[in-house]
Amino acid sequence: MKTIIEPFRIKMVEPIRMTTKRERALVLEKAGYNPFFIPAEDCLIDLLTDSGTSAMSTEQWAGVMRGDESYAGSRSFFRFEGVAKSLTGMRHILPTHQGRAAERILFSLVAGRDQVIPSNTHFDTTRANIEFQGARAEDLLCDEGNDLAVRAPFKGNMNLDALKRLLEAAGPGRVPLVMLTVTNNAAGGQPVSMANIRATRDLAKSCGVPLFLDACRFAENAWFIREREEGYRDASLMEVAREMFSYADGCTMSAKKDGLSNIGGFLALNDDDLAARARSMLILTEGFPTYGGLAGRDLEAIAQGLMEVLDEDYMRYRIRSVEFLGEHLTAAGVPIVEPPGGHAVYVDAGRFLPHIPPHEFPGQALVCALYLEGGIRAVEIGSVMFGRRGPDGEFVPARHELVRLAIPRRVLTQSHVEYVVEVILEIQKHREEIRGLRFAREAPILRHFTSTFEPA
Ligand code: F0G
């Protein structure tokens, strides 16, 4: 059969509310033109994020009921630890309330002034946690990754030449670790090849530097390796994932993505000494090492989710549903990051709205148009998120002006996705009428979350 169907049926439904364009105009104004301030109830199709928005399975809900809420030594922890160890092959698993808590613990221990942490591309919370420690976060994306329109199989890869130069120039002790984000969220949800993971590991190792994975979307990355890289055709997704982790010395994980859970994460480490210090920090900021920042029921949901995400039928449907959205937009001439990513389609708002200059935030303007036209909530990944102020307060744009349409896992049907396509094509017809925005209130860090805007 050619049609790839949702490999599940719907057991419980959550109504979504239709709104009028007039209502949405008011909501948008009240939210300061920032989608993070729009009440979820006022969104028809919420594509803000694929994080923590998954629908859980019957087995995950059963796990929730089985959760052991003991403070120490909970049965649910041992189940969670067993699954995470068997997947990552790592010696120490520290549960955290979400991915950034693992980042905070890790970087508070390894990063400091005069240090630099390279990555294929840091996600915004990772970058912020590094910079908060006074260290520098460096993005070294491969050349194909910077060309939005080119269709290449692994546009999330690390630029190995640039990494080599950085490691050689930095000198001893200045690079505490190298990071690889799989898939590369801030660079279009593009995958990283096994060859690139291996080569990054080899380079880092030759300089005595450990490699860490930001593994939020490890399973989607594993699928792309199996589909696109020579030598993996007959491997199971679990085998591919295990090989990816085998090259790393540690990882940070947000279980809100490929953990198919609504909350949770972990820090996995091989280094005994670092793990001991991280556990002390864990107790200080998250909780006792057998629950971290989580309830026993959450640990059960994650343990189950980490296994379900590697199910072949699930992942085939998952990748296909994102690809379907991308294909329809491309066919209609809407510029997107090619090819579609694992968890999202990224519209190139810079090209879609060429009349809006970067300092008037074309991505944010498109986000607002999506909401106004169809009640769709998306997020800007452009100069609002990654632009900055120069030394004299001047505007420094991001490299690209993107809008991410993130697809929650197991939540939407095909007609929801068809509706999203229709709304975007409607916007396309009158796109030259869309106006730019300027800051009404500019937040000092992670400014996409809390800044407000007004029409320019
Ligand atoms: N790393 C990556 C690659 C991420 O995409 C995220 C979160 C994190 C780390 C942090 O994890 O949210 O559990 O603390 N990304 C979400 C998103 C927020 O919408 O892409 P967290």
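## A salt bridge at strand 12

In this predicted model, R389 and E442 form a salt bridge whose closest N and O atoms are 2.9 Å apart. The two partners come from distant parts of the chain: R389 sits in strand 12, while E442 belongs to the loop between strand 15 (437-441) and helix 17 (447-450), and 53 residues separate them. Neither end is described as buried: R389 is partly exposed, with a relative accessible area of 41%, and E442 is partly exposed at 30%.

Strand 12 (residues 388-389) takes part in another long-range contact through R388, whose partner E131 is found in helix 5 (residues 124-132), 257 residues apart from R388. The side chains of E131 and R388 meet in a salt bridge with an N to O distance of 3.5 Å. Here too the ends are partly exposed, with relative accessibility of 35% for E131 and 42% for R388.

## More charged pairs

Side chains of opposite charge can pair when their charged atoms come close. The model has 32 salt bridges in total. One of them joins K21 and E373, with the closest N and O atoms 3.4 Å apart. K21 lies in helix 1 (residues 21-30) and E373 in helix 15 (residues 362-374), so this bridge ties together parts that are 352 residues apart in sequence. K21 has a relative accessible area of 43%, which falls between the 20% and 50% limits, so K21 counts as partly exposed.

Salt bridges also join up into a network, made of D50, R217, E220, D258, R318 and R409. Within this network, D50 is worth a closer look. D50 is located in the loop between strand 1 (45-46) and helix 2 (58-66). With a relative accessibility of 0%, under the 20% limit, D50 counts as buried. The C-alpha atoms of D50 and K256 lie 7.9 Å apart, although 206 residues separate the two in sequence.

## A negative patch on the surface

Charge also gathers without pairing. On the surface, D143, E144, D147 and D161 form a patch of negative charge. One member, D161, is placed in helix 7 (residues 160-170). The relative accessible area of D161 is 54%, and because that is over 50%, D161 counts as exposed.

## Aromatic pairs

A pair of aromatic rings is described by the distance of the centres and the angle of the planes. The structure contains 13 aromatic pairs. Among them is the pair of F80 and F266: the ring centres are 5.9 Å apart and the planes meet at 75°, so the arrangement is edge-to-face. This contact spans 186 residues of sequence, from F80 in helix 3 (residues 75-88) to F266 in strand 8 (residues 265-269).

F80 and F266 are both buried. They also belong to a wider group, since ring pairs link F77, F78, F80 and F266 into a cluster.

## A long-range backbone contact

Which residue lies 5.0 Å from G375, C-alpha to C-alpha, yet 331 residues apart along the chain? That residue is L44. G375 itself occupies the loop between helix 15 and strand 10 (376-377), and is buried, at 0% relative accessibility.

## Backbone details to check by eye

Where are the cis peptide bonds at V182 and E338? One runs from V182 to T183, with omega near -20°, and T183 lies in the loop between strand 5 (178-181) and helix 8 (194-206). Another joins E338 and P339, with omega about -15°. P339 is in the loop between helix 13 (312-331) and strand 9 (344-348).

Positive phi values turn up in residues other than glycine as well. For D114, phi is near 65°, and D114 lies in the loop between helix 4 (99-110) and strand 3 (116-119). For L260, phi is near 50°, and L260 lies in the loop between strand 7 (250-254) and strand 8. Their surroundings contrast: D114 is exposed, at 61% relative accessibility, whereas L260 is buried, with a relative accessible area of 0%.

Conventions. Residues numbered from 1 in each chain as written. Predicted model: local features only at pLDDT ≥ 70, side-chain atom pairs only at ≥ 80, totals over all residues. Heavy atoms only, no water. Patch = residues over 30% accessible without salt bridge, like charges linked within 9 Å, V, L, I, M, F, W, Y side chains within 5 Å. Areas by Shrake-Rupley, 256 points an atom, 1.4 Å probe, with all protein chains shown as cover. Salt bridge = Lys/Arg side-chain N within 4 Å of Asp/Glu carboxyl O. Lys, Arg positive; Asp, Glu negative; His and termini not counted. Charge placed at Lys NZ, Arg CZ, Asp CG, Glu CD. Helix = DSSP H or I, 4+ residues; strand = E, 2+ residues; numbered from the N terminus. Buried < 20%, exposed > 50% of the residue type's maximum accessible area, 1.4 Å probe, protein only. Phe/Tyr/Trp six-rings, centres within 6.5 Å; stacked < 30°, edge-to-face > 60°.
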